[in-house]
Amino acid sequence: MNKDIYLTNSLGGKKEIFKPIDPNKVKMYVCGPTVYDDPHIGNARPLVVFDILFKVLKCKYGNKSVTYVRNITDIDDKIIESAKQKKISIDVLTKNITNSFHNDCDYLNCEKPSFEPKATENISLMVEMINVLLKNKNAYEKNSHVYFDVSSFKDYGKLSNKNIDELKAGARVEVSENKKNPEDFVLWKPSNKDEPSWDSPWGKGRPGWHLECSAMSKKYLGDTFDIHGGGRDLIFPHHENEIAQSRCANNKSFSNYWIHNGFITIANEKMAKSQGNIFKIKDFYQRYNGQVLRLALISTHYKQAMDWSDDLLTQSKKTLDKWYECQKKPEGKVLIPDDDLVPLYDDLNTPGFISNIHKLYDKAAKGSDKDKEIFTTACNFIGLLTEPKSKWQEFKKNILEISEEEILQKIKDRNTARDNKNYQLADEIRNELLDKGILIEDKDDKTTWKIK
């Protein structure tokens, strides 16, 4: 497709034509999980959003021309605290949560990124970057801590539209007597005896959270790359600090485009542990096929806040039930009409693309096998209808609240009620089955059932 891709760049807040540095080497970095607890539904949104952006970029520039890096933070204060609370080692905790994260990615049908570096495997790169920042007078050491001097970077705050005066007022900054200025942030800090530590010129310790992404993006994508993504909550201070570190250390621009997805809310309240409204992704495993969550997550434009509800999941499931009726595996290469792809090229407008899929479905339901193949290909492009219909039906069958044996007995009881002209009881049995997801049909003196 020759059409331009448009993306809303958080650096400036405007929708812009995406122009990669090198169309043959498109580079994207997305902040991954801090593996201290099982991922929740808020974490699922950037997983799916940037998975689809990865697909769109490959569609435009070719599968081999796009590099997607997503890190794993496996050393952090939250991890240390969580391991203590769970009374397990940090190594066991991070391995367990990383496995849980990968299971969630598979469940949501996300492609693997090109690279998935871990913070603990790149500590030496972080030490190197700190040395450069100290040499350039952008950082200072005090009491075995190293801090970035925010006042040394004149463009600090441009991404988040914050100024130094706001930061001095105490907006989300760590207070420490070791700092020259309240807004300065840590690059290296000493570890306690029972905490993980690495050797450094400033003593045994560990890096600050913000530093790892600057070091790892440089390793895999170079000093300057095309897209940096993540949740909206990362704009400040994390991404703001990344920009400051990287530009001062490398003396070059950092990421050209900054893409951020909106929050997920529950009953219009932001998800937070303090609110008690956190839903872990794994909590949905037994209740819904992962495609249901995937469709729900892209039913709202990525920039907007999304209110999560049972109604949203129910509607997504009904849509997929309908779409699976027209599934036909493409024979050979099938192209999605360019006009139908247009919404995805226009700032990743997934609701617009879903609307086009509904139109393709309407055509496929009345049309030829070729129409069904085009419809299925369009669904596949955003990670839907990728498994056989039989597997979709089998999952539905496995999550029913009633066994097949019970269904057949209910049908027998209903037929007996009808023979006795007890039509009220017969209707009650039909409605009871319907409430449990079973639709019964009478035809040619036989009663059959299927999952609704």
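Two strands count as paired here if DSSP finds at least two bridges between them, and the strands themselves are DSSP runs of E with at least two residues, just as helices are runs of H or I with at least four residues, all numbered from the N terminus. Before going on, bear in mind that this is a predicted model, where local features need pLDDT of at least 70 and side-chain atom pairs count only at pLDDT 80 or more, while totals for chains, interfaces and linings use all residues. Residues are numbered from 1 along each chain as its sequence is written, and side-chain values use heavy atoms, with hydrogens and water left out.

With that settled, look for the open sheet: four strands in the order E4-E3-E9-E10, with parallel pairing. E4 and E10 (255-261) are its edge strands, each pairing on one side only. On average, neighbouring strands in this sheet are turned by 20 degrees against each other, direction ignored; the axes are lines fitted to C-alpha atoms, and angles run from 0 to 180 degrees between N-to-C directions.

A good place to start is E3, residues 26-30. Four of its five residues are buried, meaning under 20% relative accessible area (exposed is over 50%, partly exposed in between, with a 1.4 Å probe and protein chains only). On one side, E3 is joined to E4 (residues 66-70) by five bridges, and the two run parallel. Look for Lys27, which stands opposite Thr67 in E4. To get from E3 to E4, the chain goes through helix H1 (residues 41-61), making a right-handed β-α-β crossover. Right-handed means that, with the strands pointing away from the viewer, the path from the first strand over the helix to the second runs clockwise.

E3 also pairs with E9 (residues 225-231), again in the parallel sense, over three bridges. Here Met28 sits opposite Ile227 of E9. Carry on to E10 and you find six bridges between E9 and E10, parallel once more, with His228 having Trp258 in E10 as its bridge partner.

Now for the cysteines. How many disulfides does the structure hold? Zero, taking a disulfide as a pair of cysteine sulfur atoms within 2.5 Å. Cys31 has Cys213 as its nearest cysteine by sulfur, 3.9 Å away. Why is there no bond for Cys213? Because its sulfur is 3.9 Å from the closest cysteine sulfur, in Cys31, and that is too far. Both residues are tucked away: Cys31 is buried, with a relative accessible area of 13%, and Cys213 is buried at 1%.
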